[in-house]
Amino acid sequence: MYSEEHRVLIANRGEIAIRIAKACIELKQRFTCVYTEADRDSGHVRFASDNGGESGLYRINSYRDANEIFSVADNCGATAIHPGYGFFAEDFRFARRVVERENPLIFIGPSWWIIRELGDKINTKRLARSLGVPTIPGSDRPIYNELEAVEFADSLFSFQKEQGFKAAAIMVKASAGGGGMGIEEVTDQDEFRSVFRRIRNYAKRQFNDEGVLIEQRIYGFNHLEVQIVSERSGKNHVHFGTRNCSVQSSGNQKRIEVAPGFAPEGIHYIFNAADVLERITKHSLSMAQEVSYDNVGTWEWIVTPRGEPFLMEVNTRIQVENGVSSAIASVHGYDVDIVREQVRLGLGAELGYSQNNVFLNGLALEYRIIAENPDRNFAPWVGTITKFGWNEQDWLKVYTQVPTDCEYEIPTEFDPNLALAIVRGDSLQQVRERGVEFLEGLELQGADRSGQKLQSNIAYLKEKTSGILEF
């Protein structure tokens, strides 16, 4: 039960590990962090050393070694494991092992069977269609056979041509994938076989499941999300609004997220934007209710320029962009921290409020500050950060594992994510202006081993800020 004293093992790294640790402290729960040699200079290591007390920090060889994670859990006396995002966050086998091992622990995330069912795009599509939730036209079961896949793809191409599409295209996806991985677009029927084989082989290597999903390509869409928070009982659910995650890299990785998902007060849409946001939140809540969802999760949607919403998938974990939803939300007049809510509910606390107690005000945007070169297909940059700082503002939060008082060598083992910056405003114009003000005041310097200056996406983020929430 939540009233017991727990020790939460944080099986992740960087800024999310710090945020989980801070949530534990606020909830008066103990925590333990782990780190690898590559992360010895990470801010989460320093935070755990300063605030974790005895058994607050353990060195491991790999964040991806489940046996090592469980060994640390037993050594530190953990009663719960928080997977953060990435690594084991959406691995139902790991989540099942957490709760069914000889020395069982609490998994702070949805129950393993929910992760398994909603982690499969096919199962999610079937559930959605049974509830009348709109989904992208395409297959509603995994396709393994190449001849069947070719026949299905040909039918979609033919349909699009009959409908007068100027550029017919389909998407080929690993049915068990997520996060923009294992997806390719096909515009030439003659190329379909090779793409299908490539995705099928990728799916087998990454997910041990060769199932492939084939869908119609939707052009010019905005990528929206609905943030759901649910009680462990699976009976009580609320949403914390919507997000727009349409500014992405060439590899479909998000770079700017904005809450709420549209701004009809500041932008003219040719559809009723408020109605679309209401519809996708209602649909998301109906699915959460149907499966007895029991922690934090995100329902991902695409919305066409005509305002047609289609469900893409469900992410059964806390997401990087949770903070931008927290920034516009309050409950009973108090600020919301969705990471803290996840820990609190994951440890068995009751929700304690209803949708009527949730208030959403203003706008917020989140920048993902990354050492990369957007002009070279977002190629990662590796080197040493020599200076990092920003101007503190009451409308700004920055989450980072990068120290601001010493040099920091970016680990080559991981994506070169440097920080998340969340900017709040009362209007679309104000949040855009504040976003640019933050970026222009950001001090970020570094060099690689050859002396070449640091490359980052700051200029790219600044350029894209003016067009957020637009089609």
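Which residues lie nearest the centre of the second largest pocket? The tour of this predicted model starts with that pocket and then proceeds to pairs of helices, an enclosed cavity and two details of the backbone.

**First stop: the second largest pocket**

Select R19, K22, K397, V398 and Y399, which lie nearest the centre of the second largest pocket. The lining as a whole consists of 31 residues, and the volume of this pocket is about 700 Å³. To display the surroundings, colour α1, α2 (43-51), α10 (322-326), α11, β21 (396-400) and β23 (417-425); each of these elements gives two or more residues to the lining. Helix α1 provides the largest share, six residues. Sorted by class, the lining of the second largest pocket comprises 14 nonpolar, seven polar and 10 charged residues.

**Second stop: helices α1 and α11**

Two of the elements just coloured, α1 and α11, form the next selection. Show residues 14-26 for helix α1 and residues 338-346 for helix α11. Their axes come within 9 Å and cross at roughly 60 degrees. Helices α1 and α11 are therefore oblique to each other, and their crossing is right-handed. To see the contact itself, display the side chains of I16, R19, I20, A23, C24 and E26 on α1, together with V339, R340 and V343 on α11. By class, this contact of α1 with α11 contains six nonpolar, no polar and three charged residues. R19 deserves a second look: it takes part in the contact with α11, and R19 is also one of the residues nearest the centre of the second largest pocket.

**Third stop: helices α7 and α8**

Next, select residues 146-162, helix α7, and residues 192-207, helix α8. The axes of these two helices come within 10 Å and cross at roughly 125 degrees. That angle makes α7 oblique to α8. The crossing of α7 and α8 is right-handed. On the α7 side, the contact is made by E146, L147, A149, V150 and A153; on the α8 side, by F192, R193, F196, R197 and R200. These residues of the contact of α7 with α8 divide into six nonpolar, no polar and four charged.

**Fourth stop: helices α3 and α4**

Are helices α3 and α4 roughly parallel or oblique to each other? Select residues 66-76 for α3 and residues 92-100 for α4, and look along their axes, which come within 12 Å and cross at roughly 30 degrees. Angles under 35 degrees count as roughly parallel. Helices α3 and α4 are therefore roughly parallel to each other. Their crossing is right-handed. The contact involves A66, N67, I69 and F70 of α3 and F94, R97 and V98 of α4. In the contact of α3 with α4 there are five nonpolar residues, one polar residue and one charged residue.

**Fifth stop: the cavity**

The next selection concerns enclosed space. Rolling a probe the size of a water molecule over the atoms shows where empty space is left. How many cavities of 30 Å³ or more does the structure hold? There is one, and the largest cavity has a volume of about 50 Å³. Select K121, T124, K125, T135, E215, L311 and M312 to display its lining. Helix α6 (121-130) and strand β13 (309-315) each supply at least two of the lining residues. The largest share, three residues, comes from α6. By class, the lining of the largest cavity has two nonpolar, two polar and three charged residues.

**Last stop: two details of the backbone**

Most residues other than glycine have a negative phi, and most peptide bonds are trans. The last two selections depart from these tendencies. First, select A259 and P260, which are joined by a cis peptide bond with omega of about 0 degrees. P260 is placed in the loop between β11 (254-259) and α9 (273-290). Then select S55, a residue other than glycine with a positive phi, near 70 degrees. S55 lies in the loop between α2 and β3 (57-59). With α2 the tour returns to its starting point, since this helix is among the elements that give two or more residues to the lining of the second largest pocket.

Key. Residues are numbered from 1 along each chain as its sequence is written. This is a predicted model: local features need pLDDT of at least 70, side-chain atom pairs count only at pLDDT 80 or more; totals for chains, interfaces and linings use all residues. Side-chain values use heavy atoms; hydrogens and water are left out. Axes are lines fitted to C-alpha atoms, for helices over the stretch in contact, and angles run from 0 to 180 degrees between N-to-C directions. Helices (H or I, at least four residues) and strands (E, at least two) are DSSP runs, numbered from the N terminus. Angles under 35 degrees count as roughly parallel, over 145 as roughly antiparallel, 65 to 115 as roughly perpendicular and the rest as oblique. A crossing is left-handed if the near helix is turned anticlockwise from the far one by less than a right angle, and right-handed if clockwise. Contact means heavy atoms within 4.5 Å. Ala, Val, Leu, Ile, Met, Phe, Trp, Tyr, Cys and Pro count as nonpolar, Asp, Glu, Lys and Arg as charged, and the others, Gly among them, as polar. On a 1 Å grid over the protein atoms alone, a cavity is a set of points where a 1.4 Å probe fits but cannot get out, and a pocket is an open set with protein on both sides within 12 Å along at least five of seven lines; lining residues have an atom within 4 Å of a point. Grid points are joined across faces, edges and corners, and a volume is the space filled by probe spheres set on the points.
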